[in-house]
Amino acid sequence: MTTTKTADVDGTLAQVYALRGAGADIVRITCNDVDAAKGLAEIVPRSPVPIIADIHFQYRLALAAIEAGVAGLRLNPGNIRKEDQIKTVALAAGEAGIPIRVGVNAGSLDKDLLDKYGAPVPQALVDSALKEIRYLEDVDFFDIKISVKHSHVPSMVESYRLLADVVEYPLHLGVTEAGPPPGGLIKSVAGIGTLLLEGIGDTIRFSLTADPVEEAKAGRQLLEYLGLRERTGLDLIACPSCGRAEVDVIKVAADAQAALEAENLPIQVAVMGCVVNGPGEAREADIGIAAGRKKGHLFIKGEVVRVVPEHEMVDALLEEARLLAEEGVEARLAARDEDAAKIAMEEAIELRGIQGDANRAEEKKAAVAEVAGE
Ligand code: SF4
């Protein structure tokens, strides 16, 4: 969702384009006054993605947004409560052929339901949605999607589970007012991720107190990590580092991320702190680097292709990543340094000798033998 004033057409469009670039497929914009509605009329035809108008309190602004050509509406049942007004909007949306999202929010729940339940409990959110849906269906409007957002993650999850049991309409997921990162990200991932893995949910939004581009990026990444979207950009995996690390893994990973993100290559890259376990543990990555003693072992699909000085690790990774994206795995494996694998193997053996092998098997065997009385 944009954070600009909607009447600021150019500013809002710039944000819409930035959101699109970060992975948003659809963008919501507030329509909170007449100037905003007029702004929408200019924004919609120039937008690269469908625009949804966010409507609170004034049903006439929903009618104005429809006139402006938006691709859909979000109505808040908590603050547009008159049946005839809701039906008027539904009839206009039906004529325009656009959907309405019934966007229930725990923080602005219908007062009657709040009085009935005493608190915005999951069933109260679901009741609010069902009441609004009945109004829409009464006028033969069925192009509906629903959200029941809550800021408390377990309540959010429960609300959607209850709703999914009683409706067939698509559901839009979100943890409302999740707050700034990292807490806001964690809440959103916990709530949205849990539901998506249960097969509940059709669209999502991260509601972060942050640049909305961060919301779009995080949402896109969640879908990619869950396997629900194809990866379009970098996936950097890195070991958490430990006492075996031969470099500052956190710094190398941060440098690699900054350098590789600018390239926008759709590859998985691994940064591993040591060669004892690194290449093996990251063998699924397209490309990676593991730290040896003052050296970096560059590997493709787990096979070492070059050994470079430590200070060249990130540059070498970047160069090889570009070549890999251009030429493919087979070509880059064929172009590997002849002696890279041998050097890497010798160094891994040497390090194992210094540090003990990864599972400390020799130590364990000796201990077992001692206990067994050999
Ligand atoms: S790859 Fe090496 S440094 Fe990183 S966590 Fe594993 S053992 Fe430790």
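Select Pro 182 to begin, which lies in the loop between strand S6 (172-173) and helix H8 (183-197); helices (H or I, at least four residues) and strands (E, at least two) are here DSSP runs, numbered from the N terminus. The peptide bond that leads from Pro 181 to Pro 182 is cis, with omega near 5 degrees. Bear in mind that this is a predicted model, in which local features need pLDDT of at least 70 and side-chain atom pairs count only at pLDDT 80 or more, while totals for chains, interfaces and linings use all residues. Residues are numbered from 1 along each chain as its sequence is written.

Now zoom out to the whole protein chain, whose secondary structure comes to 15 helices and twelve strands. Its C-alpha atoms fill a box of roughly 85 × 55 × 30 Å, taken along the principal axes. The radius of gyration of the protein chain is 27 Å, whereas a compact globule of 374 residues would have one near 21 Å; this radius is taken over C-alpha atoms, and the globule rule is 2.2 Å times the number of residues to the power 0.38. Colour 9-225 as domain 1 and 235-355 as domain 2, following the domain assignment, with bounds that come from an automatic or database domain assignment. The C-alpha centres of domain 1 and domain 2 lie 43 Å apart.

Next, select the five strands that form an open sheet in the order S1-S2-S3-S4-S5, with parallel pairing; two strands pair if DSSP finds at least two bridges between them. Strand S1 (27-30) and strand S5 (144-149) stand at the edges with a single partner strand each, so one side of each is left without a neighbour in the sheet. Neighbouring strands of this sheet are turned by 25 degrees against each other on average, direction ignored; axes are lines fitted to C-alpha atoms, for helices over the stretch in contact, and angles run from 0 to 180 degrees between N-to-C directions. At one edge, S1 and strand S2 (residues 51-55) pair in the parallel sense over four bridges, and Ile 29 stands opposite Ala 53 in S2. Then add helix H6 (residues 122-138), which lies across strand S4 (100-105) and S5 and runs at about 155 degrees to S4; contact requires that the C-beta atoms of two residues, placed from the backbone, lie within 7 Å.

Move on to the sheet in which five strands follow the order S8-S9-S10-S11-S12, open and with mixed pairing. Its edge strands are strand S8 (235-238) and strand S12 (303-309), each of which pairs on one side only. Here the twist averages 20 degrees from one strand to the next. S8 and strand S9 (residues 268-272) run parallel and are joined by four bridges, and the bridge partner of Ala 238 in S9 is Val 271. Helix H12 (residues 313-327) lies across S9, strand S10 (287-291), strand S11 (295-300) and S12, running at about 15 degrees to S11.

From S8, step into the loop that leads to helix H10 (249-261), where Ser 241 has its place. Phi of Ser 241 is near 75 degrees, a positive value in a residue other than glycine.

Finish at the ligand.

- Of the 13 residues around the ligand, Cys 239, Cys 242, Ala 245, Gly 273 and Cys 274 come nearest; a residue is near a molecule or strand if its C-beta atom, placed from the backbone, lies within 6 Å of it.
- By class, the shell has seven nonpolar, four polar and two charged residues, where Ala, Val, Leu, Ile, Met, Phe, Trp, Tyr, Cys and Pro count as nonpolar, Asp, Glu, Lys and Arg as charged, and the others, Gly among them, as polar.
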